[in-house]
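Visitor: I should like to look closely at a single part of this molecule, namely its sheet. Please describe how that part is built and what surrounds it.

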Amino acid sequence: MIFSLAVYAAPYSSQASNTAYQFATALLEQGHTLHRIFFYHDGVHHATTLASPPQDELNLYQAWNELASKHDLVICIAAALKRGILNSEEAKRYDKSAHNLSDNYSLSGLGQLVDATIVSDRFITFG
């Protein structure tokens, strides 16, 4: 089966991020296809390179980043810009001195979310 996920919650604001991550890894282990994960609203915070959670907790930023290196993880560009998550191109465009979007994620619009719902057999939201 082809799955796509949407994550709306910030990494440590609720259990949603961890549940979504566990679900994504479980479906991959069972041989399903992961078409896309779309981060929207506060979920865009997953892609920052600046967060440093305590060492005795699961590092959701690192876990998601590793998954992003192998699969299509998309950050909503409008939600990201509003929350200060920028790649190098957007930082230059808005005349900002730095960027903090992990290179493994891509910025895109809601069209990617719509595409994910069309292409996938199952579309599941978290948060």
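**The sheet and its surroundings**

Guide: Strands S1 and S5 run parallel to each other and are joined by 5 bridges; two strands are said to pair if DSSP finds at least two bridges between them. Within this pair, Val-7 has Phe-126 of S5 opposite it. The model is a predicted one, in which local features need pLDDT of at least 70 and side-chain atom pairs count only at pLDDT 80 or more, while totals for chains, interfaces and linings use all residues. Residues are numbered from 1 along each chain as its sequence is written, and side-chain values use heavy atoms, with hydrogens and water left out.

The whole sheet is open and has 5 strands in the order S4-S3-S2-S1-S5, paired in parallel. Strands here are DSSP runs of E with at least two residues, and helices are runs of H or I with at least four, numbered from the N terminus. S4 and S5 (122-126) form the edges, since each of them pairs on one side only. From one strand to the next, the twist averages 25°.

S1 (residues 2-7) is also paired with S2, in parallel and over 6 bridges. One of the links places Ser-4 against Arg-36 in S2. Helix H1 packs on the sheet, where it touches S1, S2 and S5 (contact means heavy atoms within 4.5 Å). The direction of H1 makes about 170° with that of S1; such angles run from 0 to 180 degrees between N-to-C directions, with axes fitted to C-alpha atoms, for helices over the stretch in contact. S1 is mostly covered, as 5 of its 6 residues are buried. Buried means under 20% relative accessible area, exposed means over 50% and partly exposed lies in between, with a 1.4 Å probe and protein chains only. From S1 the chain crosses through H1 to S2 in a right-handed β-α-β crossover: with the strands pointing away from the viewer, the path from the first strand over the helix to the second runs clockwise.

On the other side of S2 in the strand order comes S3. S2 (residues 33-39) and S3 run parallel and are joined by 3 bridges, and Ile-37 stands opposite Leu-73 in S3. The chain passes from S2 through H2 to S3, again as a right-handed β-α-β crossover. In a regular strand the side chains alternate between the two faces of the sheet. S3 (residues 73-76) gives an example: Leu-73 and Ile-75 point one way, Val-74 and Cys-76 point the other way, and all are buried. S3 pairs in turn with S4 (residues 106-108), in the parallel sense and over 3 bridges. There, Ile-75 faces Leu-107 of S4.

The helices of the two crossovers also meet. H1 (residues 16-29) and H2 (residues 60-68) pack at an angle of about 35°, and their axes are 11 Å apart. Ser-17, Asn-18, Ala-20, Tyr-21, Ala-24 and Leu-28 of H1 are in contact with Leu-60, Ala-63, Trp-64 and Leu-67 of H2. Sorted by class, this contact has 8 nonpolar residues, 2 polar ones and no charged ones; Ala, Val, Leu, Ile, Met, Phe, Trp, Tyr, Cys and Pro count as nonpolar, Asp, Glu, Lys and Arg as charged, and the others, Gly among them, as polar.

Trp-64, a residue of H2, links this contact with the strands. Trp-64 counts as buried because its relative accessibility is 0%. Leaving aside neighbours within four places in sequence, the contacts of Trp-64 include Ser-17, Ala-20 and Tyr-21, as well as Val-7, Ile-37, Phe-39 and Leu-73. The C-alpha atoms of Trp-64 and Ala-24 are separated by 9.9 Å, although the two residues are 40 places apart along the chain.

Glu-90, in helix H4 (residues 88-93), also reaches an edge strand. Residues up to four places away in sequence are not counted here, and Glu-90 touches Ile-77, Leu-81 and Leu-107. Glu-90 counts as buried because its relative accessible area is 10%.
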